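This report describes parts of one protein chain. Please look at the sequence and the model together while reading.

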Amino acid sequence: MLGALFLAGCGVDQEKEVAQYRSVLDAHVPPAPATQPGEPLTLDRALREANQASEELGIRGEDYLQGLILKNRATAAFLPTVAFRPTYTVEDRYTNTPGRTNTLTTTGGDTATIRGSSASVTTVGTGYRSLGSNALQSFQAPVVGQINLFHGFGDAANLRVADATIEQRKQLLLDAQSTVLINVAQVYYQVLRSEQTRDVLRNSIMLQQARVDDESQKLKNGLSTNLALAQVQAQLDSTRAALAQVDGDVINGRTTLGFLIGRPVESTTLISDTIVPNVRPAKEEFERLAQEGRRDLLAARAQVVAARAAVDVAVAQYYPSVNLNVEGFLYREYYSDASKWNAVLSANVPIFSAGVIRADVRNAWSRLRQAALVESETRRSAIRDVQTAYQNVLTAERRITELQGELTAANDALKQAQAALANNLGIVLDVLTAQDQQLNSQLQLTSAEFDRSVFYLDLVRSTGRIPLNLPKQPPPAIH
């Protein structure tokens with residue numbers, strides 16, 4: 001029976017343990033469906049996969065789980081404990097004088113009378129039996145129960161500490177989740193930006209190569225100089241070097257993105273399908289949402305609650321404590337004559353602790369003040385983050401408006417260059433130049449739109465919400 005109880009206590013359902021914090025994470029970011037071959041990777045899916053693959057979230061989840069376990073320990077202080085404590089005692093050897101009665105006092109305070117060499121033993125008290133010619137032995141098998149009747153309200157305060165700690169770690173887990181997801185979004189859009197830049201640079205290299213060929217032909221006809229040819233050649237080489245750097249950025253970005261979501265994405269098509277709503281709440285509304293739902297702020301508030309309860313735990317040391325211990329014996333030497341059970345009611349009243357309790361109380365109050373300062377700083381940081389993110393969105397939108405005008409002008413210039421070439425009033429180089437300007441304008445516009453999306457996701461995150469289920473749009477394309 002004892003073996004079965006021991007094995008049952010040691011067994012832990014690992015999947016059930018992990019499921020306790022996975023339920024918190026998956027409640028806000030459900031897992032994505034199974035990936036199909038050739039399926040493109042949207043930002044929404046990347047966020048969901050990162051939520052499942054992140055070891056950082058697993059580590060924070062274990063912190064949350066340990067908080068739940070600490071509450072179990074705090075709850076156990078209100079319950080009795082039962083233990084089986086068998087003891088086998090052998091007293092040290094003694095000198096046995098033949099024909100003489102010897103009295104031996106055991107370490108437990110009992111007495112044993114030994115007469116002659118036969119070592120016949122009678123005992124008073126707990127009871128011992130002879131072991132050999134000059135030693136005593138005793139065996140007891142008690143079941144011991146203990147319960148804490150009163151502990152100066154410290155156990156109740158410990159339970160409040162555990163509850164507040166659980167809430168704090170839960171909010172920190174969700175804050176870490178938001179951080180991981182916003183990092184995924186930043187890397188995702190950085191890869192898209194790098195790929196757009198790569199396409200523009202490749203087109204620019206074609207244009208600059210055409211310029212080099214044209215300048216070489218002019219030099220042969222005496223219409224240019226070696227300096228002009230060297231300048232356009234240097235520009236071509238510089239663009240090729242920039243392309244090499246961007247190619248590396250694309251590879252590194254996709255490697256990082258694959259690390260974040262837990263699978264390789266070297267050849268996976270990325271689709272930007274998130275848009276920023278044109279109609280948004282005012283900045284003050286975002287600030288209010290941050291005050292109510294910002295995860296790190298909620299964690300800081302829970303820490304204040306835990307620190308306040310910890311003060312009560314420290315003060316409780318000044319109060320008396322009362323314990324009840326009960327022993328029931330399954331077996332004792334001379335069991336028929338020995339007591340079958342005993343109970344001890346004990347109390348402890350602190351009189352002098354050499355300043356230890358006072359130091360604990362002062363330290364608890366210091367931690368409470370510290371937690372209040374952290375909560376105040378976190379609250380002000382939340383407001384600052386909302387204001388900064390909101391302004392970044394507005395700035396990106398102003399850039400988008402200006403770049404849209406620039407792109408319109410570049411499109412008109414390209415149409416005019418193409419019309420001039422069709423009417424033999426221009427050359428192919430003019431068309432390539434106009435096309436290069438149009439692509440650069442569109443790249444800047446697309447980059448600004450990417451920035452606005454990231455800034456808006458950061459704004460959403462600064463309020464404590466998860467940046468999922470945002471409106472979708474077709475992916476932007478370069479024409």
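Helices here are DSSP runs of H or I with at least four residues, numbered from the N terminus. The model is predicted. Helix H9 is followed by Asn424, which has a positive phi near 60 degrees. Helix H5 is followed by Gly222, where phi is also positive, near 75 degrees.

The lengths of these two helices can be checked. The expected span of a helix is 1.5 Å times one less than its number of residues. The table sets this value beside the distance between the end C-alpha atoms.

| Helix | Residues | Number of residues | Expected span | End C-alpha distance |
|---|---|---|---|---|
| H5 | 154-220 | 67 residues | 99 Å | 96 Å |
| H9 | 356-422 | 67 residues | 99 Å | 95 Å |

For H5 the distance agrees with the expected span, and for H9 it agrees as well.

Next come two helices that meet. Two packed helices are described by the angle between their axes and the distance between the axes. Helix H7 (residues 283-293) and helix H8 (residues 295-315) have axes that come within 6 Å and cross at roughly 40 degrees. H7 is therefore oblique to H8. On the H7 side, Ala290, Gln291, Glu292 and Gly293 meet Arg295, Leu297, Leu298 and Arg301 of H8.

Side chains of opposite charge can pair when their charged atoms come close. The structure holds 22 salt bridges. One of them joins Glu49 and Arg263, with the closest N and O atoms 2.6 Å apart. This pair links distant parts of the chain, 214 residues apart: Glu49 lies in helix H3 (residues 43-53), and Arg263 lies in the loop between helix H6 (226-261) and strand S9 (270-271).

Which residues form a nonpolar patch on the surface? They are Phe84, Tyr88, Val90, Phe139, Leu330 and Tyr331, with about 580 Å² of accessible area together. Strands S3 (87-90) and S10 (321-332) each supply at least two residues of the patch. Tyr88 is found in S3.

Conventions: Residues are numbered from 1 along each chain as its sequence is written. This is a predicted model: local features need pLDDT of at least 70, side-chain atom pairs count only at pLDDT 80 or more; totals for chains, interfaces and linings use all residues. Side-chain values use heavy atoms; hydrogens and water are left out. Patches are made of residues with over 30% relative accessible area and no salt bridge: like charges are joined within 9 Å, nonpolar side chains (Val, Leu, Ile, Met, Phe, Trp, Tyr) within 5 Å. Accessible areas come from the Shrake-Rupley method with a 1.4 Å probe; for residues, only the protein chains shown count as cover. A salt bridge is a side-chain nitrogen of Lys or Arg within 4 Å of a carboxyl oxygen of Asp or Glu. Axes are lines fitted to C-alpha atoms, for helices over the stretch in contact, and angles run from 0 to 180 degrees between N-to-C directions. Angles under 35 degrees count as roughly parallel, over 145 as roughly antiparallel, 65 to 115 as roughly perpendicular and the rest as oblique. Contact means heavy atoms within 4.5 Å.
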